[in-house]
Amino acid sequence: MSLVKIAGLHKHFGTNHVLKGIDLEVASGDVVALIGRSGSGKSTLLRTINGLETTDKGELVVDGTALHDGKGDLRALRQKVGMVFQQFNLFPHLTAGQNVMLAPTVVKGTPKAEAQDIAKEVLLKVGLSDKFDSYPDQLSGGQQQRVAIARALAMRPKVLLCDEITSALDPELVSEVLAVVRQLAAEGMTLIMVTHEMRFAREVGNKLIFMHHGRIHESGDPKTVFADPQTPELANFVGAVQPA
Amino acid sequence: MAYRFDFAPVFEQTGLLLSGAGFTLALTAVGAVLGIGLGVTGAVCRAWKLRPFDRLFGVYVEAIRNTPFLVQLFFIFFGLPALGVRMSEWQAAVLAMVINLGAYSTEIIRAGIQATPRGQIEAAESLALTRPQIFRHVVLRPALAKVWPALTSQVIIVMLGSAVCSQIATEELTFAANFIQSRNFRAFETYFVTTALYFAMALLIRQLLVQLGQRYVVGRTR
Amino acid sequence: MLVQFSTWDIVRNLLDAGKWTLALSLIAFVLGGIVGLAILFARIADNRVLQAATKAYIEIFQGTPLLMQLFIVFFGLSLVGIDVSPWLAAAAGLTLFTSAYLAEIWRGCVEAVPKGQWEASATLALTYPQQMRHVILPQALRIAIAPTVGFSVQVVKGTAVTSIIGFAELTKTGSMLANATFEPFLVFGLVAAGYFALCYPLSLYAKSLERKFHVAR
C-alpha cells in the first residue's frame, strides 16, 4: 500500500506544459531523490504534493487524502505533508521555538504547554535544543534550515518534502543539515527531496527519479541507476554534475 | 422631499469647464518641465555634495516638503509683493508648482542617482569616460528611468494640488467650477463633474508620462 | 474700526488657530487609520468584489484633488439633510482621504512580505486568516511604521486645504490676519513656520525609523 500515489498528473504554466502525465508511488519509509536539469519540472512536481502548485488534471493521494484534478481538502493534505524550502522561510518575527509551535497551536489547537514540549523534542532532534529562544537572524544558515526541518516535523507529517534544502547554504554548513536528513531517513521518515547532492542521493535514497521535459524519464534504485543509466539524457546529466 | 439631481445646468457650461481644464493642464505642463529640471539640478548638487549648493537645496527641500502647497502659494502671491516681487495669478501658480515639484523631484532623483551600482561607475571609469560623461550616460539616464514612476506620481499630485490655485483667482478648472456653481446653485453636481474631470486628467497625464518615459527615458537605457 | 495688531497679537492668534490644525490632523489620522484598516482588509481579502471596490475607492481618492473631495463631502452631506459645519466636513473629508492613502501604503507593506512566508505558512496548513494574523501582518506592521509616520506629514499639510471650505484653522486664520494687518509677508511666513514646526519633527522621525529598519534587516 503506497503512502503517496500520483496518477496522470498534468500541469500547465500558461501555454507551457510543465508536468506531462506523472505516475508515481511512494511507500512509507521510502527516501526518494528527484533529480533533473532546471526546468525539468522536478520542483513543480514536489510543490504539487502539498498543493503549493495547483494541477490541471490527475490524481494525488497522500495517506487517504486525495486531490482530484487539483480539487480537494488542501488543509487536510498539508497536515500530512511537511515541507522544507531552499530559502528556509522561517518567520523572522518569531523565535525558533515559536516558529515550531505556531502550526500545532494554531492549526491543530494543541495546548501551549504541550506544543512547547513538542517544540523542545523536535529542536532536540535537529540538535538545537539550546536555540529555543533565538530569533532566525541570530542563527547561521545551517541552524535556520534545521529549525525549518523541526518546524515541519512538529506537525507529525507522514511525508516530508525537501526542496533543494542545502542549495542556499555555505559549503561548510551543508553537512550539518544533511546529517539531520540522514538521521530522519534512518528513523523511517518518508522523504521526497529535490537535490543536487548526488552522492547524498545515492547513499541515503532508495529510489531515484530523473525528470526530463516534464516526464519521469528514468527511475529506480539510485545505486544501479547511477552506475548504469539506461537513457542518454540521464547518462549526460550524471556525467555533467558528477565528472569522474 | 428628496433632492433631485440635475446635471443639465453643469453641462451647459461644458466650454467653461474644458477651458479651465486646459488651463490646469497647461500649468501642469510648464510646472512639470521646469520642476523636474530644478529637481535634476538639486539632485546633482545633493548627490555630488557641491558646496554650498547641496546645503541650500537641503534646506529648500525640507522647507517645501514640510509646509502646505496652499501656504507656499499665498506666500508667493500675497507675501512676495512686500519685497517688490509682483506677479500675475498664473505666474504665481506656476512658480509655486515649480518650487513644490522641484523639492520633491530633487529627493526622488537624488535617491535614483545614489542607487547607481558602484560597479557601473567603475566600469565607465575604466573605459576612460570623463566625469560629466559618466554622469550623463551611466548615472543620470538609468537614475531617471528608475524613478520615472515616482516622478509621474509626483506630477499628478502637483496637478491635483493646483486646484487650490483658484484661491488666488488663477483661472484654472476649480476656478471655473466655483464660478459655475455660484451661477447655477448646483454645487454638488458642479463639483461632481469637476472631480470626474480631474480624475480623467490624472489618468491622461499618467498615460502620457508612461509613454514619454518609455520612449525617451527608459527605452534608450534598456 | 481699525484694530492695531502687534506681532505678538499675530503670533498669539496663529498659535490659537494652530490648535485646530493639530486637532483636525489627529482626528483625521486616527479615524483615517481605523477606516484605512477596514479598507486594507477588504483590499487584500480573498474576495474579488471587495478587492475591486476598494481598489476603486483608493484610486478615486488618489486621483482627485483633496479640495474636490472636501467640496463633495460638504455639499453632499447637506444634500442628504445633514447640517454640515466646516469642522464636520473637514474632519469627514480628511478622514476619507487619509484612509485611502493609508490603506494603499499598508497594502504595499503586506505585499513586501516575501512570498516564501506565504508558502511556508500555507505548507503548515494555516488558513488565510491564520496566515494573516500570525505570519503576514506582524511582519507588515514593522515595515509599515516608517511610511505611516511619513504620511502623517501629508495629513497635517492637507488640513490647510480645509481653510477653503471655511474651517478656521491655521491657514484660514493666517489669511484673515494678513487682510487685517496688511502684513502678508510676515503672516504667511509665520503660518509656514507653524506648519514646519508640526511637520519637520514627524519627517525626521520617519527618516530615523526608516534608517533603523534598514539596519535591522
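This note goes through a sheet in chain A, the contact between chains C and A, and the make-up of chain B.

1. The model is predicted, so that local features need pLDDT of at least 70 and side-chain atom pairs count only at pLDDT 80 or more, while totals for chains, interfaces and linings use all residues. Residues are numbered from 1 along each chain as its sequence is written, with chains lettered from A and ligands numbered from 1 in the order in which they are written.

2. In chain A, 6 strands form an open sheet with mixed pairing, in the order S7-S8-S9-S3-S10-S11. Strands (E, at least two residues) and helices (H or I, at least four) are DSSP runs numbered from the N terminus, and two strands pair if DSSP finds at least two bridges between them. Strand S7 (81–84) and strand S11 (215–220) of chain A stand at the edges, and because each has a single partner strand, one side of each is left without a neighbour in the sheet. On average, and with direction ignored, neighbouring strands of this sheet are turned by 20 degrees against each other.

3. At the S7 edge, S7(A) pairs with strand S8 (residues 159–163) of chain A in the parallel sense over 4 bridges; Gly82(A) has Leu160(A), in S8(A), as its bridge partner. Helix H5 (residues 141–153) of chain A packs on the sheet, where it touches S7 and S8 of chain A, and its direction makes about 170 degrees with that of S7(A). Helix H6 (residues 171–186) of chain A also packs on the sheet, touching strand S3 (31–35), S8 and strand S9 (190–194) of chain A, with a direction at about 145 degrees to that of S9(A). Axes here are lines fitted to C-alpha atoms, for helices over the stretch in contact, and angles run from 0 to 180 degrees between N-to-C directions.

4. Between chains C and A, 15 residues of chain C are in contact with 17 residues of chain A (contact: C-beta atoms, placed from the backbone, within 7 Å). On the chain C side, helix H5 (115–123) and helix H6 (128–158) of chain C are the elements that give two or more residues, and the largest share, 6 residues, comes from H5(C). By class, that side has 7 nonpolar, 7 polar and 1 charged residues, where Ala, Val, Leu, Ile, Met, Phe, Trp, Tyr, Cys and Pro count as nonpolar, Asp, Glu, Lys and Arg as charged, and the others, Gly among them, as polar.

5. Chain B has 9 helices and 0 strands, and its C-alpha trace spans about 75 × 45 × 25 Å along its principal axes. Among contacts in chain B between residues at least 6 apart in sequence, 81% join residues at least 24 apart.

Key:
Two residues are in contact if their C-beta atoms, placed from the backbone, lie within 7 Å.
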